[in-house]
Amino acid sequence: MKDGNCIFCKIANGEIPSTTLYEDDDFRVILDLGPAARGHALLLPKEHYANLFELDDAVAAKALVVAKTVAEKMKKALGADGFNLVQNNGEAAGQTVFHFHMHLIPRYENDNAGISWKPGETTPEDMAEIKRLVEAQ
Ligand code: 5GP
Ligand code: ZN
């Protein structure tokens, strides 16, 4: 299913042009217009899923295989020193476009992409509580 109001549906299906690095029947990988680092790309399914939780299982499984294949090519072609896969779900997690996408971000020594977090704190009790809550679902 496509969503007529969704910009990534239009890009994924070729109605809006993009710089495409890879395409098959199910996915398109395009360059991000606001890259965190040189070569930052987005993997988009051609069908509309708002986020990870809506994603069809077969599409989810294939997404990582496509990401791996394209990331390998990008890393070699661009001489990247490392690589991040990033995938945001919900505004609280930084999602701004509500069509599932995976960020493919080549990383270079001393780039300023800043994809990191300050380690927080936990306790054995809270870790046990988290485990109990998740396993109860
Ligand atoms: P999010 O914050 O939802 O995980 O990521 C959205 C990404 O889409 C951002 O990195 C942003 O730069 C990129 N983006 C938003 N609109 C467009 C667009 O029209 N074309 C392309 N190529 N990238 C876009
Ligand atoms: Zn969409």
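In these legends, Ala, Val, Leu, Ile, Met, Phe, Trp, Tyr, Cys and Pro count as nonpolar, Asp, Glu, Lys and Arg as charged, and the others, Gly among them, as polar. This is a predicted model, in which local features need pLDDT of at least 70 and side-chain atom pairs count only at pLDDT 80 or more, while totals for chains, interfaces and linings use all residues. Residues are numbered from 1 along each chain as its sequence is written, chains are lettered from A and ligands numbered from 1 in the order in which they are written, and side-chain values use heavy atoms, with hydrogens and water left out.

**View 1. The whole protein has three helices and five strands.** Helices (H or I, at least four residues) and strands (E, at least two) are DSSP runs, numbered from the N terminus. Starting at that end, you will meet them in the order α-β-β-β-α-β-β-α. The C-alpha trace spans about 50 × 40 × 25 Å along its principal axes.

**View 2. The shell around ligand 1 holds 16 residues.** A residue is near the ligand if one of its heavy atoms lies within 4 Å of it. Asp-32, Gly-94, Thr-96, His-101 and His-103 come nearest. Sorted by class, the shell has eight nonpolar, seven polar and one charged residues. Both α1 (7-12) and β2 (27-31) supply at least two residues each, and α1 gives the most, with three.

**View 3. Oxygen atoms of ligand 1 make polar contacts with His-103, Asn-88 and Val-97.** A polar contact is a pair of N or O atoms within 3.5 Å. For His-103, a side-chain N or O atom is 2.8 Å from a ligand oxygen; for Asn-88, the side-chain distance is 2.9 Å. Val-97 takes part through a backbone N or O atom, at 3.0 Å. Of the 520 Å² of accessible area that ligand 1 has on its own, the protein covers 79% (Shrake-Rupley method, 1.4 Å probe).

**View 4. Five strands make an open antiparallel sheet.** Follow the order β1-β2-β3-β5-β4 across the sheet; β1 (20-23) and β4 (82-86) are the edge strands, each pairing on one side only. On average, neighbouring strands are turned by 20 degrees against each other, direction ignored. Two strands pair if DSSP finds at least two bridges between them. Helix α2 (residues 57-78) lies across β1, β2, β3, β4 and β5 (102-107), running at about 20 degrees to β5. Contact here means heavy atoms within 4.5 Å; axes are lines fitted to C-alpha atoms, for helices over the stretch in contact, and angles run from 0 to 180 degrees between N-to-C directions.

**View 5. Strand β2 pairs with β1 and with β3.** A hairpin of three residues joins β1 to β2, and three bridges link these antiparallel strands. Tyr-22 has Val-29 in β2 as its bridge partner. With β3 (residues 41-45), β2 pairs in the antiparallel sense over five bridges; here Leu-31 stands opposite Ala-41.

Technical notes. Polar contact = N/O pair within 3.5 Å; in protein donor to acceptor, adjacent residues only side chain to side chain.
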